[in-house]
Amino acid sequence: MFEAKKKQSRLSAALSMFEVIYHMTAHSIRSTHTNALAAIALNMLQVVMMIAVFFAMFSLIGLRGSSLRGDFLLYIMSGIFIFVTNVKAMGAVAGSSGPSHPMMQHAPMNTFVAMVSAALGSLYIQILTITVILVIYHIGFTPVEVHQPFEAFLMIILAWFNGVSIGLIFLAMKPWLPQFTSISQTIYTRANMVASGKMFVANSMPFYIVAMFSWNPLFHIVDQTRGFTFINYNPHYTNWMYPLVFSAVFTLLGLMGENYSRKHVSASWAARQ
């Protein structure tokens, strides 16, 4: 009942928050399975299955010749890695603990910590998954050659950042429109199966079709990733600045919306979610 409050310096308060974020990140990694390695293995299995499905589909319908010159499987993986990283980050942030969650009753915990830990947990799992898959493919099948590996890695981070920004928008909407938000997340994920551009090369498409997808930041990120991955591909219709600005603006809007929702949310709203 009675508690003596201690004054903390800004440095000690920041270190305390980082410690809480670290523990919550570990918790978010184990959220899908009690064993962290099993959670990563399950995510890896999902990605490998998606790669196998797209490889088989492209081979059966004869679209392998329409892709850019280079390793065809690496071409497929470059698109799927970006797509999965984006969608998983969006889902993790949108599904993080809201202001009415019982965890928020504990003093060190707040919604910011929940959002950051969910985002970092998703990024950790995806980077580890991508690394293991590429290492296995490099050792067991054929050497992996990436033209600009650092820039390609930055595109993965940008895809994650974009997913976080979209997830913040859904998180801010969820207390007010829980069912609509859930449906919108599903539509976003399904639409990006095609609209992300992971199944085709932007340079080889007619301009009117490119215009239909150019609104999507993920379309730009996938195309730019392939430009950094393959030495003989130079994207003409996309750039990385647009998704970066888009993600920054949506992150700001999402944080503003989440702050407003947190101040007006009622504990009884949790029953609707």
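1. Lining chemistry of the second largest pocket. In this predicted model, the lining residues divide into 12 nonpolar and 4 polar. No charged residue is found among them. Tyr, Cys and Pro count as nonpolar here, and Gly counts as polar, so the split should be read with that grouping in mind.

2. Size and centre. The volume of the second largest pocket is about 340 Å³. Its lining comprises 16 residues. Those nearest the centre are Ile130, Leu134, Val146, Ala152 and Ile156.

3. Which helices build the wall? Helix 3 (72-94), helix 4 (111-140), helix 5 (149-173) and helix 8 (217-229) each contribute at least two lining residues to the second largest pocket. Helix 3 gives the largest share of that lining, with 5 residues.

4. Overall fold. The protein has 9 helices and 0 strands. Along the sequence the pattern reads α-α-α-α-α-α-α-α-α. Helices 3, 4, 5 and 8, which help to line the second largest pocket, belong to this series.

5. Contacts along the chain. Take the contacts between residues at least 6 apart in sequence: 75% of them join residues at least 24 apart. Heavy atoms within 4.5 Å make a contact in this count.

6. Burial and surface. The protein has 273 residues, and 43% of them count as buried. The cut-off for that label is under 20% relative accessible area. Accessible surface for the protein totals about 15,100 Å². Carbon and sulfur atoms account for 69% of that surface.

Notes:
Residues numbered from 1 in each chain as written. Predicted model: local features only at pLDDT ≥ 70, side-chain atom pairs only at ≥ 80, totals over all residues. Heavy atoms only, no water. 1 Å grid on protein atoms, 1.4 Å probe; cavity = no way out; pocket = protein on both sides within 12 Å on 5 of 7 lines; lining within 4 Å. Points joined across faces, edges and corners; volume = space filled by probe spheres on them. Helix = DSSP H or I, 4+ residues; strand = E, 2+ residues; numbered from the N terminus. Buried < 20%, exposed > 50% of the residue type's maximum accessible area, 1.4 Å probe, protein only. Areas by Shrake-Rupley, 256 points an atom, 1.4 Å probe, with all protein chains shown as cover.
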